[in-house]
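Me: I have a structure open and would like to learn how to read it. Can we go feature by feature?

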Amino acid sequence: MPRQDTQGPTRPGPPPTAVCVGESMAVLLPDRPGPLESVESFRLSVGGAESNVAGALAAHGVPTAWISRVGDDGFGRRLLAEVAARGVDVSAVAVDPHRPTGLYLKEVGGTTGDRHDLGPGRSRLHYHRRGSAAAALSPDLLADPTAAALLSGARLLHLSGITAALSDDCLALLRALLTDRRPNRLVSFDLNWRPSLWRDRDPAVLPPLLDTADLLLLGADEAEAAFGTGDPATLRRRFPAPATVVVKDAARQVTALDRDGTAVTEPALAVEVVEATGAGDAFAAGYLAGTVRGLDQRRRLRLGHLSAACALTAHGDQAELPDAAVVAALLDASPAEWAATRVTAEGITGPTLPTGRVRPADRAPSADRAPSADRARAQ
């Protein structure tokens, strides 16, 4: 399968530390809130859980590759260019000459008074992804020399439940990747529950996949919808095999439960939300970056929280972290200092910061785009 040339960091060179596998799509963002029939124009962007995690891992300084398939079309070229611009290796992304790049439109609620208006703070995604290039991902990927080299050298492989819902071939690929265990390679799996994707498929295939991973990431609300419970201890018993199960309770707290019974709970930072965009993917990237760096469990959770907070206070699905000294100070803060820290679009305030406030870093080019989607509905 041909690949598109990009300007991003690609092979040759040492293999990336992390590899993320899964679909991303083109996104059409409305120029105004309100029902779609009132929208005059849309702006093109890109979105996708696995590529979001890949971009955020790269922002954390973790060399990362994203593996997928896109169509031989303008949307696919835009997607590849934007992901590569985030510092992600896209050398193993196949360009399909027959299938299109997936697409979704975002509808944003407003105060228009129209009976079809979703209302302030609400959004809905309209998907056009059936038969997409990424839906043709299959175990054949493992025979591709470029992809195989990336996978064999990775210390971290990140997957999600979205891929399992796309097609039988995609499900077979996940099973093959989870079966192909490698020494010194951690496999993380984010549930990423998307009810609309499972309307014509059997979600009973998910639990065995989740219980095969080394690290399992679950949103409490998603787990409640998929498995009938969002309770961390119950979910730990439901999935006994992973070394660690991380349960994210929205804006309240996150709990990491190890197989040996150890549980660590860390409260979320106080955040003034600008756009609920990419926060879950940002948390996953921060937590995984902390894992790769060998941080202890509490610092991993804090790095995830900080990464998510920065995403919540920026437009778009990617946001800049503060500099390394500020990150270190927050990871080392006492519980009281952590609780007193607040993150807004104007900056971060807290007792551990030298001047009391840290202004946000200049946004990366991709972070200034209009929001792609609420991460909890991002795919």
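Me: Where does Thr352 lie?

Reply: This is a predicted model. In it, Thr352 sits in the loop between strand 17 (347-349) and strand 18 (357-358).

Me: Is Thr352 buried or exposed?

Reply: Look at relative accessibility; under 20% means buried. Thr352 has 18%, so it counts as buried.

Me: Which residues does Thr352 touch, leaving out those up to four places away in sequence?

Reply: Thr352 touches Ala329, Leu330, Ala333 and Glu337. You can also read a distance in sequence against a distance in space. Thr352 and Ser334 are 18 residues apart in sequence, and their C-alpha atoms are 8.8 Å apart.

Me: Let me try another residue. Which strand holds Cys20, and is Cys20 buried or exposed?

Reply: Cys20 is in strand 1. Its relative accessibility is 0%, so Cys20 counts as buried. Beyond four places in sequence, Cys20 touches Glu50, Val53, Ala54, Leu57, Thr64, Ala65, Trp66, Ile67 and His158. Cys20 and Leu151 are 131 residues apart in sequence, yet 9.4 Å apart from C-alpha to C-alpha.

Me: How do I read the whole chain for this kind of thing?

Reply: Start with the totals. The chain has 12 helices and 18 strands. Of its 379 residues, 57% count as buried. Then take contacts between residues at least 6 apart in sequence: 71% of them join residues at least 24 apart. Last, the surface: the chain exposes about 15300 Å², and carbon and sulfur atoms supply 51% of that.

Me: What should I look for in the interior?

Reply: In soluble globular proteins, nonpolar side chains tend to be buried together. Here the largest nonpolar core has 54 residues. Leu57, Trp66, Val90, Val246, Leu301 and Leu306 touch the most other members.

Me: Which elements each supply at least two residues of this core?

Reply: Three are strands: strand 1 (18-21), strand 11 (215-219) and strand 13 (253-258). The others are helix 1 (49-59), helix 2 (74-85), helix 9 (279-292), helix 10 (297-312) and helix 11 (324-331). Helix 9 gives the most, with eight residues. There is also a second, separate core of 46 residues, which includes Leu159, Leu235, Val247 and Leu257.

Me: Take one core member, Val246. Which residues is Val246 in contact with, leaving aside neighbours within four places in sequence?

Reply: Leu215, Leu216, Leu217 and Leu218 are in contact with Val246. So are Val254, Thr255, Ala256, Phe283, Tyr287 and Leu301. Val246 also has a bridge partner in strand 13, namely Ala256.

Me: How do the strands join up around there?

Reply: Follow the bridges. Strand 12 (residues 244-249) and strand 13 run antiparallel, joined by six bridges. Now read outward to the sheet. An open sheet of eight strands has the order 4-1-9-10-11-12-13-14, with mixed pairing. Strand 4 (64-67) and strand 14 (263-267) are the edge strands, each pairing on one side only. From one strand to the next, the twist averages 15 degrees.

Me: Which strands does helix 3 lie across?

Reply: Helix 3 (residues 145-153) lies across strand 1, strand 4 and strand 9 (156-160). Against strand 4, helix 3 runs at about 135 degrees.

Me: And charged side chains?

Reply: Side chains of opposite charge can pair when their charged atoms come close. The count here is 16 salt bridges. In one of them, Glu23 pairs with Arg129, with the closest N and O atoms 2.8 Å apart. Glu23 is in the loop between strand 1 and strand 2 (25-30), and Arg129 is in the loop between strand 8 (123-128) and helix 3, so the pair ties together parts that are 106 residues apart in sequence. Glu23 and Arg129 are both buried.

Me: How far apart are the closest N and O atoms of Asp31 and Arg32?

Reply: They are 3.2 Å apart, and the two residues form a salt bridge. Asp31 counts as partly exposed at 39% relative accessibility. Arg32 is partly exposed too, at 36%. Asp180 and Arg182 form another salt bridge, with closest N and O atoms 3.0 Å apart. Asp180 is partly exposed at 26%, and Arg182 is partly exposed at 33%.

Me: Which residues are linked in a network of salt bridges?

Reply: Glu266, Arg298 and Arg302 are.

Technical notes: Residues numbered from 1 in each chain as written. Predicted model: local features only at pLDDT ≥ 70, side-chain atom pairs only at ≥ 80, totals over all residues. Heavy atoms only, no water. Core = buried A, V, L, I, M, F, W, Y, C linked by side-chain atoms within 4.5 Å. Buried < 20%, exposed > 50% of the residue type's maximum accessible area, 1.4 Å probe, protein only. Helix = DSSP H or I, 4+ residues; strand = E, 2+ residues; numbered from the N terminus. Contact = heavy atoms within 4.5 Å. Pairing = 2+ DSSP bridges. Axes fitted to C-alpha atoms, helices over the stretch in contact; angles between N-to-C directions. Salt bridge = Lys/Arg side-chain N within 4 Å of Asp/Glu carboxyl O. Areas by Shrake-Rupley, 256 points an atom, 1.4 Å probe, with all protein chains shown as cover.
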